[in-house]
Amino acid sequence: VKELAPIEDLRLRSVVQLLSKLREYGPHPRHVALLALTLWESFRRVHRLPPETRHLLHYAALLHDVGAVLSFDNHAEHSAYMIRNGNLRGLSAQEVEIVACVARYHAKGRPGKEDRNYRGLPRPWRAAVQWLAALLRIAEGLDRSHYQLIRSVRVVRRGSRFAILVTARRDAQLELWAARRRTGLLAELLGTRKAPAPVGVRLDPARSKS
């Protein structure tokens, strides 16, 4: 496919080919991936995940909504199924499962041992799935309208609390609302559940654009 030729990385090219076959390679998954990777970098001193997880988060972010071609209801579960059966070249079976699990929990729920696919992963990778899913669900919330209203994100830490500051193109109340609703898993992973507001999402007044 001509448009995919410049993608030299076999794994990323395989992900994009699957998206293109399903006609899902639009601005929304690309923007969510950008936001998710920014959050990964911003929290890297806290999550301390291996660098390879950044790539796996990238693939999961691009593929998180592919299940919607089957049905929007329970589309996260459908996305996981399609990732497992999407012939993603260059990824090991374990890497495919990690990507599938992250996509599976991008919207709601928490990875747990009742999920046999998640349970089958080695313990360090189960922890990685939780972190990646927590970051992806916030990133997806920040493009809830699919209009890419959030220009950028940055994370500020004050003691045990974190603030995710966003720069918006115009009114982005839906995005802020959706992202705030999705901070629970990240708050738990940060170990600050007892704090009144361990993770906050808000506009950055100094940088917001109308």
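## Helix 1: length and surroundings

Helix 1 (residues 10-21) has twelve residues, so at 1.5 Å a residue it should span 16 Å, and its end C-alpha atoms are indeed 16 Å apart. Keep in mind as you read that this is a predicted model. The buried residues of helix 1 are Arg 11, Ser 14, Val 15, Val 16, Leu 18 and Leu 19. Among the elements that cover them are helix 4, helix 5 (75-84) and helix 6 (93-104).

Let us look at one of those partners. The axes of helix 1 and helix 4 come within 10 Å and cross at roughly 10 degrees. Because angles under 35 degrees count as roughly parallel, helix 1 is roughly parallel to helix 4. On the helix 1 side, the contact is made by Arg 11, Leu 12, Val 15, Leu 18 and Leu 19; helix 4 brings Glu 52, His 55, His 58, Tyr 59, Leu 62 and Leu 63. By class, this contact has seven nonpolar, two polar and two charged residues.

## The chain as a whole

Stepping back, the chain has ten helices and three strands. Read from the N terminus, the order of its elements is α-α-α-α-α-α-α-α-β-β-α-α-β. The chain has 210 residues, and buried residues make up 50% of them. Of the contacts with a separation of 6 or more, 66% are between residues 24 or more positions apart.

## Helix 4 and its neighbours

Helix 4 (residues 52-63) passes the same length check: its twelve residues should span 16 Å at 1.5 Å a residue, and its end C-alpha atoms are 17 Å apart, which agrees. Its buried residues are Thr 53, Leu 56, Leu 57, Tyr 59, Ala 60, Ala 61, Leu 62 and Leu 63. What covers these residues? The cover includes helix 1, helix 2, helix 5, helix 6 and helix 8.

Helix 2 (residues 27-42) deserves a closer look: its axis and that of helix 4 come within 8 Å and cross at roughly 155 degrees. Since angles over 145 degrees count as roughly antiparallel, helix 2 is roughly antiparallel to helix 4. Their crossing is right-handed. Helix 2 contributes Pro 29, Arg 30, Val 32, Ala 33, Ala 36, Leu 37, Trp 40 and Glu 41, while helix 4 contributes Thr 53, Arg 54, Leu 57, His 58, Ala 61 and Leu 62. The residues of this contact divide into nine nonpolar, two polar and three charged.

## Helix 6 against helix 8

Helix 6 and helix 8 pack with their axes 9 Å apart, at an angle of about 40 degrees. That angle makes helix 6 oblique to helix 8. Helix 6 passes helix 8 in a right-handed crossing. From helix 6, Gln 94, Ile 98, Cys 101 and Val 102 meet Trp 125, Val 129, Leu 132, Ala 133 and Leu 136 of helix 8. This contact has eight nonpolar residues, one polar residue and no charged ones.

## Three buried residues

Leu 136 sits in helix 8 (residues 123-141). Its relative accessible area is 0%, so Leu 136 is buried. Not counting residues up to four places away in sequence, Leu 136 touches Val 32, Ala 36, Leu 57, Ala 60, Ala 61, His 64, Val 102 and His 106. Take Ala 60 from that set: Leu 136 and Ala 60 are 76 residues apart in sequence, and their C-alpha atoms are 8.2 Å apart in space.

Ala 36 belongs to helix 2 and, with a relative accessible area of 0%, is buried too. Leaving aside neighbours within four places in sequence, Ala 36 is in contact with Leu 57, Ala 61, Leu 136 and Ala 139. The C-alpha atoms of Ala 36 and Ala 60 are separated by 9.8 Å, and these residues are 24 apart along the chain. A charged residue rounds off the set: Glu 97, placed in helix 6. Is Glu 97 buried or exposed? Glu 97 has a relative accessible area of 14%, and because buried means under 20%, it is buried. Outside its neighbours within four places in sequence, Glu 97 is in contact with Arg 84, Asn 117 and Leu 121.

Methods: Residues are numbered from 1 along each chain as its sequence is written. This is a predicted model: local features need pLDDT of at least 70, side-chain atom pairs count only at pLDDT 80 or more; totals for chains, interfaces and linings use all residues. Side-chain values use heavy atoms; hydrogens and water are left out. Axes are lines fitted to C-alpha atoms, for helices over the stretch in contact, and angles run from 0 to 180 degrees between N-to-C directions. Helices (H or I, at least four residues) and strands (E, at least two) are DSSP runs, numbered from the N terminus. Angles under 35 degrees count as roughly parallel, over 145 as roughly antiparallel, 65 to 115 as roughly perpendicular and the rest as oblique. A crossing is left-handed if the near helix is turned anticlockwise from the far one by less than a right angle, and right-handed if clockwise. Contact means heavy atoms within 4.5 Å. The expected span of a helix is 1.5 Å times one less than its number of residues. Buried means under 20% relative accessible area, exposed over 50%, partly exposed in between (1.4 Å probe, protein chains only).
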